[in-house]
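Please look over the structure shown here before reading the briefing.

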Amino acid sequence: MSCSLIGIILVQAYYINNSLQNTEKQFNFNVRKALSYVSNIVENEEKEDYLRKFNDLLSNGSINVNDTTAIINIYIKEDNPDTNETVIYRNGILEENYKVSSALFDIGLDSLNVKRILQKRETEIIENNSIDGSKNLSSMLARLSKLNESTRIALETVYKDKAYLKPIHKRVNVDKINRLLALKLLENDINIGYEFAIYSNDLATKIKTQDFQLNPASTFSVPFFYNENDKSNYRLLVNFPERKKFILSSILTMLILSIVFTLIIVIAYSSALYQLIKQRQISEIKTDFINNMTHEFKTPIATINLALDSIRNPKIIDDKEKVLRYLGMIKEENKRMHAQVENVLRISKLEKNELNISKERVELNDLVEDAISHVELIIEDRGGHIETHLDAQKSSVLANETHFTNVLVNVLDNAIKYSPEAPKIIVTTELAGNNILVHIKDHGSGMSKAAQKRVFEKFYREHTGNIHNVKGHGLGLAYVKRIVEDHQGHISVESEKEKGSTFTIKLPLIS
């Protein structure tokens with residue numbers, strides 16, 4: 001499952017990365033296409049403007065033709081008796097020499113001498129039945145190839161030569177480039193801000209937007225205004241300050257959905273894994289609980305059986321003192337097993353919130369002394385002692401006397417059980433604002449950091465192998481925690497291996 005999940009995440013990352021790269025490539029392609037379009041449009045418009053001006057001059061007679069020489073002339077005359085008309089067709093190749101005003105090319109000369117080779121075709125239809133016998137022109141259809149292909153090519157060469165000498169700011173302006181570029185980018189769904197400029201031999205010209213900054217890594221560039229050798233000293237540059245945001249926004253929906261669904265899978269998988277680990281821990285805890293409970297009941301049952309067998313012995317049954325002793329042992333062991341069962345039932349009721357705990361005003365210092373009296377004999381039997389410092393001048397709390405006494409007895413009992421040598425326990429009370437603190441400190445075996453985190457869990461006991469030197473089943477401190485929390489209190493522990501533990505109970509005071 002882990003490998004599959006990692007694989008899914010890697011595949012998602014791979015496809016998202018591919019989508020980003022493809023989107024960026026498409027963006028770059030569209031931008032370069034738009035730049036090329038603008039370059040071609042501006043150059044073609046300038047060229048066509050030159051050719052149109054020349055053509056207009058030629059059409060309106062502004063060009064001073066000095067000489068026209070016919071290289072080839074073909075005349076065809078055809079009489080049509082049905083219509084009484086004569087058709088004259090002429091087709092020829094002519095050479096014209098003329099002067100052109102220098103204003104066309106914006107240069108510092110008065111005029112230019114231009115030689116032109118052109119084709120001229122002319123058709124005349126003449127009626128032959130005029131009254132005075134002269135030829136009347138009924139209609140004239142004439143067409144002059146004003147700019148044939150050879151003339152156009154020649155003029156384009158002249159245009160490129162002359163335009164090359166003009167400064168770039170006289171050939172194009174910022175508004176025109178901005179209008180064409182914005183229109184073309186919008187056609188390709190690129191609607192973000194941009195800055196552009198025209199550079200000549202890597203030097204900035206006057207044609208640029210105010211905030212343009214040259215960045216070779218992110219600036220797009222195309223040649224601008226080719227010369228007659230199809231080379232260009234000018235380059236049209238454009239950059240997009242919000243390029244990355246625009247590219248990312250194009251796949252944002254897919255990216256968000258991918259992340260959301262991947263997170264759902266990760267959370268679901270993590271939850272399943274957590275539950276799996278939790279169930280395994282619970283299984284281990286149950287196994288430990290069964291083992292501990294088995295051990296806890298095994299010894300009393302064995303003791304009871306031995307006592308009963310002894311009583312049944314004819315030599316013992318008549319000895320009243322021994323019989324009473326064995327009956328006392330049976331009673332104590334029975335009480336011990338009953339206490340174990342009560343602990344389990346008590347925890348079960350707490351879990352189900354079925355344990356009714358009535359509270360009343362009590363003095364916590366008095367409860368501490370009462371709890372100590374319950375374990376004094378055990379401590380004396382092991383050669384230990386309890387030192388008390390009940391310094392809290394106010395100790396009135398709202399508590400259930402029986403249950404809270406059991407809480408203190410359980411903590412003290414733990415301190416005794418986990419002291420390998422003679423128990424040395426210090427019990428103190430102190431005030432902390434509107435709360436009272438009870439510290440129960442021992443000098444026993446202590447516990448690890450991991451055990452401190454789980455010591456209040458139900459059924460939890462720190463592993464000591466198969467050694468059952470400390471009896472219990474992991475319910476005492478779980479019961480303690482539930483009762484303290486039911487009293488709006490808090491319990492914590494600080495411990496260090498081989499140096500002992502300190503349990504601290506905090507309860508709110510009442511006035």
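What follows covers the nonpolar cores, an open sheet, the helices packed on that sheet and one helix pair.

The model is predicted. Its largest nonpolar core has 39 residues, and a second, separate core has 28. Five strands form an open sheet with mixed pairing, and the helices α8 and α11 both pack on this sheet.

**Nonpolar cores**

- In the largest nonpolar core, the residues with the most contacts inside it are F404, L408 and I505.
- Two or more residues of this core come from each of the helices α8 (364-381), α9 (401-417) and α11 (476-486) and from each of the strands β11 (396-399), β12 (424-432), β13 (435-441), β14 (490-496) and β15 (500-508).
- The most is given by α9, which supplies eight residues to this core.
- When neighbours within four places in sequence are left aside, L408 is in contact with L367, V368, A371, V438, I440 and I505.
- The second core is separate, and I177, I192, F224 and F240 are among its 28 residues.
- As a general background, nonpolar side chains in soluble globular proteins tend to be buried together.

**The open sheet**

- The order of the five strands is β10-β12-β13-β15-β14.
- The edges are held by β10 (385-390) and β14, each of which has a single partner strand, so one side of each has no neighbour in the sheet.
- On average, neighbouring strands of the sheet are turned by 15° against each other, with direction ignored.
- The strands β12 and β13 run antiparallel and are joined by seven bridges.
- K441 in β13 is the bridge partner of I426.

**Helices on the sheet**

- The helix α8 packs on the sheet and touches β10, β12, β13 and β15.
- The direction of α8 makes about 170° with that of β10.
- The helix α11 also packs on the sheet, where it touches β14 and β15.
- Between the direction of α11 and that of β14 the angle is about 140°.

**The pair α8 and α9**

- These two helices, α8 and α9, pack at an angle of about 45°, and their axes are 9 Å apart.
- The helices α8 and α9 are therefore oblique to each other.
- The crossing in which α8 passes α9 is right-handed.
- On the α8 side, the contact is made by L364, L367, V368, D370, A371, I372, H374, V375, I378 and I379.
- On the α9 side, the contact is made by E401, F404, T405, L408, V409, L412 and I416.
- Two residues of this α9 group, F404 and L408, are also among those with the most contacts inside the largest nonpolar core.

Key. Residues numbered from 1 in each chain as written. Predicted model: local features only at pLDDT ≥ 70, side-chain atom pairs only at ≥ 80, totals over all residues. Heavy atoms only, no water. Core = buried A, V, L, I, M, F, W, Y, C linked by side-chain atoms within 4.5 Å. Buried < 20%, exposed > 50% of the residue type's maximum accessible area, 1.4 Å probe, protein only. Helix = DSSP H or I, 4+ residues; strand = E, 2+ residues; numbered from the N terminus. Contact = heavy atoms within 4.5 Å. Pairing = 2+ DSSP bridges. Axes fitted to C-alpha atoms, helices over the stretch in contact; angles between N-to-C directions. Parallel < 35°, antiparallel > 145°, perpendicular 65-115°, else oblique. Left-handed = near helix turned anticlockwise from the far one by under 90°.
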